[in-house]
Amino acid sequence: MPLDMLIAAQRGHLFPWVPVMLGCGIGGYFALPAEPADWMRPAAWGAAALLVLGARRAAESLAPLLLGLSLVLAGGALAAWRSHQVAAPVLSFRYYGPVEGRILKIDRSLSDRIRITLDRVMLADTAPARLPATVRVSLSADMPHTSLEPGKTVILTAHLSPPMGPAEPGGFDFRRLAWFERLGAVGYSRTPVLALEPAIRDGPAMRIAGFRAQLSQAIRTGIPGQAGAFAAAVVTGDRLGLDRATMDAMRASNLAHLLAISGLHMGLLTGFVFLVLRRAIAAVPRLALRIDGRKAAAIVALAAATAYLALSGGSIATRRAYVMAAVMLGAVLLDRRALTLRAVAVAAILILAARPESLLNVGFQMSFAATSALVWAFCCLRDAPLPRAPRLLRPVLALALSSAVAGAATAPIGAAQFNQIAQWGVPANLMAVPVMGLLVVPAAVLAACLAPFGLAGPALWAMGAGCSWILAVAARVAALEGAVRPVVAPAPAVLPLIAGGALVVILWQGRGRWAGLLPVVAALWLWAGTQRPAVLISASGGLVGVLEPGGRVLNKSGGDGYAARAWLENDGDGRLPEAAARPGPAGFEAELAGLRLRQLSAAQLRRRADPCAGADLVVTPGEAAAEGEACLVLDRNRLAETGSVALRNGPGGDLYLVTAAKRAGQRPWTGRAGREALRGPRLPGPGAGS
C-alpha cells in the first residue's frame, strides 16, 4: 500500500503516537553509551523545530514522519536537559562520622529496616560544595522510631557511601534512580538518632508531610495490627507499619499494586465521589434543574483527587494517576468521551514532559500498559456485535475482564522487572479488588468526612474489616504451592520489542495492526533463549557466582546479600543465597571452559605467597601487588574502576569478560564509569578484557 494511503487511513488517530515518539527519544537518550556534548542539546532542539517547520510545507504523506522524527529529537533533548537540571553533588568516598540533617521522609527498606531521608545535610570535614543534597540512612532494627517525624533536625553517626552500581553488568543501576532523586549518599547507622531541633515545617511540602505522618499514626491507632498499616498505606502512602511477611504475601499474590497509590485508588476515589455527588444532586429536583450534575460532580471529584495527591506525598505513581484522573474528569467537563486513547496519550505526554525519567519507572510502564490495554479492549467490545449479558452479571464480567486484560498487559513487565510471575494473581484480584472498591475506599471517604466531628469510629471499623479481608486473601494465595514462579531476566531488547508490538496492535488502524504481533513473538523467542553469565563477580570482590547445571553456586552464604539475591533472581532461581553457597576453607575455586578461577578473602590473599599459582583469574576484596602478576587479578583497586564483572560464553565456547563500568558508560550518574583499566593477561575468547 502506498505511504500516502497508509497515512490517510490513520488520519485522526495519530495523536496517541505523540507520547510513543517522545518515549523513543527519551529511551534513546538513556541507551547512549556516553553523555552527549553540551552543544548537542540546543542542536537537537533546533533540528526538531526545523522538522516541524518542514512538516508544515511537506506533502501530506511526509508530514507525520517529519513530526514523528521531531518528537524523537525533542524527547532525547528533554531527557538530557532534565538529567543536567537535577544535578547535585554525589559523595565520592566512604564516610564514617556524624551526619546532621532535616528529616524529609521516613520509610521502610526491602530488608525491613526503618530508613530516614535527610536534606540540609552536614558532614564533618566536608566542604559545602561537596555535600549531597539528600542522604538516606537505614537505622538499626532495635532503634525506636516513634519520635521521628518529618521536619525534625537530627544528628547521628553513620556509614555513608555513594549509591551503588549494578549488581551485574547491564543490571538495574541504582545510581541512575538516585541521580534523579538527588540522592547523593546512602548508608546505615547503629547509633541512636538524636534530635537537635523540633520539627520545623517551613513550607507547604513539609507541612503536608507532617500532616501525613500524624494521619498515618491516627489510622494505625484506630485500626490495630497489619490491617491498620495497610489502611494507612492506602490513604497516605505510608508503608512504615507494614512488616516483611505482609509485603512478601502481597507480592506473591499480585496484590502489591493495592499498596501503591495509583490509578486504581485514584479511580475508585474520584469515581465514588463523582457517583455520590451526582446522585445527591439528582435527588433534589430544584438543584438538578439549576446546575449540570455531571459537571458539578466532576469538579468536586477533581478537588478530591487534588487533595488525595497532596496527602499521599505526590510520588511519581500518584502523580501519574492524578494526571490521568484529571484528564478523564476534564473530558467530562468538556462534554467529551472520558475513556479514550487520546486521554491516555495526554496523561503520558504531561508526565514525560515533566519527568522524562519516568519512562524507566516500572510503575509508569505497568500503569500505562494496563490503562491502554483496558481502554482498547473495552472500545473493541463496545463496537463488537456481542449479546448483552444479564444485568446482574455485568459487574462480575467487567471485573473479570478488567483483571484478565490488565494482568495480561502488565505480566511481561512484572516478570521482566521482578523476575517472577504470581500464578494466582487473577483469582486473588477478583477476591480483593471488589472489596477495595466497595468497602475500603468508601469507608475511607466516610471516615474523612466524619473525623472532624469525632464520629469516624464505625467507618474505620468497616475499613479495617475490608483491609483484613484483603490481607487474608494475600496470605492464603501466597501460601498455595507454586504461587510464585521464578523467571529468568530477559535481554535488554525484549521489553522494547514487546512494548512496540503491543502499541502497534493498540494504536494502528486496520488489519495491519496484527503485524505488531511479530515483534512480540520475536521478543518471547529471544527471552526463551536467554543465556545467563557463566561467572558473576561482585564489585566488592567478596562474592563470586559460578553457573553450574544445578544452578548458580556462590562462594559464601553471607555478605553482599543484595548482589547474591539479584543474581539468583535474574537466573530465575528461587533459592535463597544460603542454599546456593559452597564456601571453602582455603578459598573458592572453579574451572570452566579451560579457565581456572580462584576467589580469596583478604586474609587468604595475605597467606598465599603466589595467589596466581594454578589459577588464571583471581578475585579478592583485598589489595594485590601491582606488579609481577602471572594471572588476571581483580582486586579492590581494579574492581573500584570496573564495578561488577561478568564472564560470558563466546561463540567458540571460550569466556570473555564484561564490566559494569563498560556497559554503563560515561553518564552523569556513573561518575568514573567507563574509565576502567584491566591489567594482566587477557582471558581467552572474543572481546576478552572488554
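Helix H16 (425-450) gives six residues to the lining of the second largest pocket, the largest share of that lining. The model is a predicted one, and this pocket holds about 630 Å³ of space. Its lining is made up of 24 residues, and those nearest the centre are Val235, Leu311, Ala444, Val445 and Ala448. Besides H16, the elements that give two or more residues to this lining are helix H6 (204-222), helix H7 (225-236), helix H9 (263-282), helix H11 (293-311) and helix H17 (457-478). In terms of residue class, 22 of the lining residues are nonpolar and two are polar, and no charged residue takes part.

Empty space of another kind is found elsewhere in the chain. Rolling a probe the size of a water molecule over the atoms shows where empty space is left. The structure has one cavity of 30 Å³ or more. The volume of the largest cavity is about 40 Å³. Around the largest cavity stand Val86, Ala88, Pro89, Val90, Ala178, Trp179, Arg182, Leu183 and Gly184. Two elements, helix H5 and strand S5 (183-189), each give two or more residues to the lining of the largest cavity. The class make-up of this lining is seven nonpolar, one polar and one charged.

Helix H5 (174-180) also appears in the surroundings of helix H2, where it is among the elements that cover the buried residues of H2. Others in that cover include helix H4 (63-85), helix H13 (341-354) and helix H18 (494-507). The residues of H2 that are buried are Trp17, Val18, Pro19, Val20, Leu22, Gly23, Gly25, Ile26, Tyr29 and Phe30. How far apart are the end C-alpha atoms of H2? They are 21 Å apart, and this agrees with the 21 Å that the 15 residues of H2 (residues 17-31) should span at 1.5 Å a residue.

Helix H20 (residues 561-570) can be read in the same way. Its buried residues are Ala563, Ala564, Ala566, Trp567, Leu568 and Asn570. The cover over the buried residues of H20 includes three strands, S9 (535-537), S10 (544-548) and S11 (551-554), together with helix H21 (577-580). After H20 comes Gly572, which has a positive phi, near 75°.

Another residue to look at is Arg319, which is found in helix H12 (residues 316-333). Is Arg319 buried, exposed or partly exposed? Its relative accessibility is 36%, so Arg319 counts as partly exposed, since that class lies between the buried limit of under 20% and the exposed limit of over 50%. In sequence, Arg319 is 32 residues from Ile351, while in space the two are 8.0 Å apart, C-alpha to C-alpha.

The chain as a whole can now be described. Its secondary structure comes to 24 helices and 17 strands. Along the principal axes, the C-alpha atoms fill a box of roughly 95 × 70 × 55 Å. The radius of gyration of the chain is 27 Å, which agrees with the value near 26 Å for a compact globule, because a compact globule of 690 residues is the reference here. Of the 690 residues in the chain, 45% are buried. Among contacts between residues at least 6 apart in sequence, 64% join residues at least 24 apart.

Technical notes:
Residues are numbered from 1 along each chain as its sequence is written. This is a predicted model: local features need pLDDT of at least 70, side-chain atom pairs count only at pLDDT 80 or more; totals for chains, interfaces and linings use all residues. Side-chain values use heavy atoms; hydrogens and water are left out. On a 1 Å grid over the protein atoms alone, a cavity is a set of points where a 1.4 Å probe fits but cannot get out, and a pocket is an open set with protein on both sides within 12 Å along at least five of seven lines; lining residues have an atom within 4 Å of a point. Grid points are joined across faces, edges and corners, and a volume is the space filled by probe spheres set on the points. Helices (H or I, at least four residues) and strands (E, at least two) are DSSP runs, numbered from the N terminus. Ala, Val, Leu, Ile, Met, Phe, Trp, Tyr, Cys and Pro count as nonpolar, Asp, Glu, Lys and Arg as charged, and the others, Gly among them, as polar. The expected span of a helix is 1.5 Å times one less than its number of residues. Buried means under 20% relative accessible area, exposed over 50%, partly exposed in between (1.4 Å probe, protein chains only). Contact means heavy atoms within 4.5 Å. The radius of gyration is taken over C-alpha atoms; the globule rule is 2.2 Å times the number of residues to the power 0.38.
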